[in-house]
Amino acid sequence: MHLARRLPHLSRHCNVRMMKSTAVSTAKSAEEEIVIPNRIQRSSTDILVALSATVGRDPTAPHYKFHDDPFLIPTSNVSKRTFAMAQESGRKAAKWIKEEHRNLFMHQEAQPPIEAFAPKMVFTEESEVTQQTLETLIRRSLLQDAVYVYNLMKTKGLEISAETKQSLLELLSFYNHQEPMPEEYYEERWFKQNNQGQQRQTKTWKDGELAEQIFNEIEPKTTQAYAAVIRGMAKYYQADRAYALFQEALEKQHHLDTSTYNSILSNVNFLKEKADQKWELCKELLQQMKQQQLKPDLGTLNALLECISTFGNYKMGRTCALQVLAEFKKLNVELSLGSYYYVLIIFCRERGPVSHVIVDILNEIQGKEFKIQHPKDTYFFATAMDVCRNHLHDRSLAKKVDNLLHTGNNFDLIGDTYKESVYYRHYFALLCQTCTIDEFLEIYDTLVPNVYIPEPGVMEEVLKMVEVNAAYELMPRLWSDMVIFDHINRESLLLRTLKIMLSNKPDLTKKSEEQLPEQFAKVAFDIYNKVVESEGRAKKLSFTGQMIGDILTLLVRGGNWEKALEVFNNIDKNQHRIPGTPSENCLMEYVEAAIENKSPSQALQCLQYAVENHMDGLSLAQRIHKGFTLNEVHMSKMKSLVGDSFLKQ
C-alpha cells in the first residue's frame, strides 16, 4: 500500500526529467551542422558484388557465363571454349547487323544518349572532318578511323595541331597500327592471351608506318615524341632502333621519364648477349636515371628482374637479384606478384640447386590481397605451384599458395584460361602423389568440373593413385568422368583403366562390392564400343591383343556371357588384324564361362584360336574335356587340334 501511494509521484517526476532531456537534445541538434558525406563512385556491378559476398561461392555451380542447366553445362575443356566463343560470335553477329543496317538503328532512346549503342561513323573522301573529329576518334581508340581521317585531313590541307599529332603518335605506338580488340570481346581476348607469349618475344614493330612518319614530321622533336616512339618500339621489341633513339634523345638533352627508361631496361636482353654485359648496361641506365633525378618505380624493378632472370650464370643472377631487391627496399618500392614471379624463376631453376625462397615469399605475402600492377603479375600463381610440385615436391606449400589465391580478390590474378589450367594441373598432380584418397576426393569434388577439368595427363596421375592405393571401387565413377571430359580417345587411359579393373578382383563377400563385377563389365564393354566407333574417325583407336583380352575377361567376370561371346567372335574373326593375343589366363576364364553356360562349341572355338596362335592348348583341352560330356564330333575336333594327350590326364 505504501508503494502504491508513491507511484503517481514517481511517474510525474520521470515525465519532467524526460521533457528536460528532450529539450537539451533538441538544442544540441540545432547547434550541430549536418555534414553530407562525399559521393562514393560505384560501378554498375557493385550491388551484385555485395550480394555475392553475402552468399559465397558455390563450387558445384557452373560459371555465370554458362547456362545453369544440366544438359547445357559444358563438361570438357573443348566444349567450354566452344560455348564461350559461340557467345562471342553472337555478339559479333549482332554488331555486324548493327553496322550493316545502320539506318534501322539511328534512333536514340536513351537520355543522355549512350555512345556505344550508336552506329559507328563511316568516313569517305567526301566526309566533312575537323580536328575535333580526329581528337574524338583518338579518344575512343578507333585507330583505323583515326588514321583514315588524319590522311584525309592531310589530303585536304587541313591544319593539325602539334598536340593532336602527339596524341595520334601515342595511339599508334601503343597499339602498333593494329585496331585494339573491343572491350566487349572479353572471351576472345581471354582465350587468345595464351598464344601471345611466344609472339611477344620476337620483333613485331611495323617499320616505316605512320607512327614513324608522324615522328619525323614533328619539328622540333619534343621529349614526349621521343618517349612515345621509344616506348612503342620497345614494347614490340624493335630494340636496336629504340635504343638508338634513346641515345639520340639524351644527346639532345631531352629529360626522358622513368617509364621510358623502364622500356629500355626491358629490352636489355635483346641489346646484349652475355650476362656481365647486360648487367653493366643496366647499371649504366640506372646511373643515368640518378643523374636526371628520376626515382625508380615498380616497372624499373620488374624490368631489372626480368633481365636478371635470363642470366645463364646462376650465382651471378642470384647475387644481382638480392642486390636489386635490397636497393628497392630502401626506396620503399613495394613488390608486386610479378616481382615475386621473377624471383622464383631466378632462384628455382630446373638445373640449379634447390632453393626454398618460396617459403620466405609466402611468409611475406600470406593473407594479403593484391591488385594487378604489372603484366607479369598473372604469372605468379602458376609458377609458384610449379615450384611446389617440381622443385620442392611440397604439398603444404602448395596449400599455402592455394589459400593465397583464394584470399580476397586474388583469384582475379590467376591469368588467362591457359595459366589457370597449368596452375591446377600442377596442383592436382602434386596432390595425387602426396594425398590420401579421401583428401584428394574432397578437393576433386570441389573443383571438378566447374572450376577445373583434368587434362588426360592429370587423369592418368589420378588413375595411378587409384592403382597404388587399390581404390578400384572408384573406377566406375572415374570412367564416367573420363567420358564426360572427352578423354575416351586416349589409348593410355583406356589401357590403365582396364589394367586396374582386371588386377583387382572385388571381394564378393562385402556388400559394398557386390555390384562391382557387373559395373566393371559395363565399363569394359563401353571401352569396346568406343574403340569400334572410332574406326571411321581421324584419331582412330585400335585394338591390341592385350586390350581386347582384358575386355573379354571383365565381361566374363561380370557374368555378361552374350557380350563376351560378341567380343571373342571379333577376336577370332580379326585375329590377323589385331596385333598380339589375349593371355592364356584370359582364354581359360572364357572357357570356364563357356562351361558354366553349357556352350561346348564356343569352348572348342577358343581352343582352336589358341592352337592357331601357337599358344599352349593342352590345359584348355583338359579343362574342356573335364567340364563337358563331349560327343564324337567334339572329341574328334579336339584330337585334331591337340592330339590324344589330354585323355591321359
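This text leads the reader through a predicted model, from pairs of packed helices to its nonpolar core and some residues of its loops.

In this predicted model, local features need pLDDT of at least 70 and side-chain atom pairs count only at pLDDT 80 or more, whereas totals for chains, interfaces and linings use all residues. Residues are numbered from 1 along each chain as its sequence is written, and side-chain values use heavy atoms, with hydrogens and water left out.

Two packed helices are described by the angle between their axes and the distance between the axes. Helices here are DSSP runs of H or I with at least four residues, numbered from the N terminus. An axis is a line fitted to C-alpha atoms, for helices over the stretch in contact, and angles between N-to-C directions run from 0 to 180 degrees. Angles under 35 degrees count as roughly parallel, over 145 as roughly antiparallel, 65 to 115 as roughly perpendicular, and the rest as oblique. A crossing is left-handed if the near helix is turned anticlockwise from the far one by less than a right angle, and right-handed if clockwise. Contact means heavy atoms within 4.5 Å.

The axes of helix H5 (143–156) and helix H6 (162–175) come within 11 Å and cross at roughly 140°. H5 and H6 are therefore oblique to each other, and H5 passes H6 in a left-handed crossing. On the H5 side the contact involves Leu143, Ala146, Val147 and Tyr150, and on the H6 side Lys165, Leu168, Leu171, Leu172 and Tyr175. These residues divide into 8 nonpolar, no polar and 1 charged. In this division Ala, Val, Leu, Ile, Met, Phe, Trp, Tyr, Cys and Pro count as nonpolar, Asp, Glu, Lys and Arg as charged, and the others, Gly among them, as polar.

H5 and H6 also take part in covering helix H8 (residues 210–217). The buried residues of H8 are Leu210, Ala211, Glu212, Ile214 and Phe215, where buried means under 20% relative accessible area, exposed over 50%, and partly exposed in between, with a 1.4 Å probe and protein chains only. Their cover also includes helix H9 (223–235) and helix H10 (239–251). In the loop between H8 and H9 lies proline 220, and the peptide bond that leads to proline 220 from glutamate 219 is cis, with omega near -5°.

Further along the chain, helix H13 (residues 275–291) and helix H14 (residues 298–308) have axes that come within 10 Å and cross at roughly 165°. H13 and H14 are therefore roughly antiparallel to each other. The contact joins Lys278, Trp279, Cys282, Leu286 and Met289 of H13 to Thr300, Leu304, Cys307 and Ile308 of H14. Thr300 is also in contact with asparagine 262, a residue of helix H11 (residues 258–265). Asparagine 262 counts as buried because its relative accessibility is 10%.

A third pair is formed by helix H24 (residues 491–503) and helix H25 (residues 516–533), whose axes come within 11 Å and cross at roughly 155°. H24 and H25 are therefore roughly antiparallel. Leu494, Thr497, Leu498 and Met501 in H24 meet Phe520, Val523, Ala524, Ile527 and Val531 in H25. By class, this contact has 8 nonpolar, 1 polar and no charged residues.

In soluble globular proteins, nonpolar side chains tend to be buried together. A nonpolar core is a set of buried Ala, Val, Leu, Ile, Met, Phe, Trp, Tyr and Cys residues joined through side-chain atoms within 4.5 Å. The largest such core in this model has 181 residues, and those with the most contacts inside it are Ile358, Phe380, Phe381, Phe440 and Ile551. H25 gives the largest share of this core, 9 residues. Phenylalanine 440 touches Phe428, Leu431, Cys432, Cys435, Val462 and Met465, not counting residues up to four places away in sequence.

Most residues other than glycine have a negative phi, and most peptide bonds are trans. The bond from valine 448 to proline 449 is cis, with omega near 5°, and proline 449 is placed in the loop between helix H21 (437–447) and helix H22 (456–468). Asparagine 176 has a positive phi, near 55°, and histidine 614 has a positive phi of about 60°. Is each of these two residues buried or exposed? Asparagine 176 counts as buried because its relative accessibility is 1%, whereas histidine 614 is exposed, with a relative accessible area of 77%.

Conventions:
Helix = DSSP H or I, 4+ residues; strand = E, 2+ residues; numbered from the N terminus.
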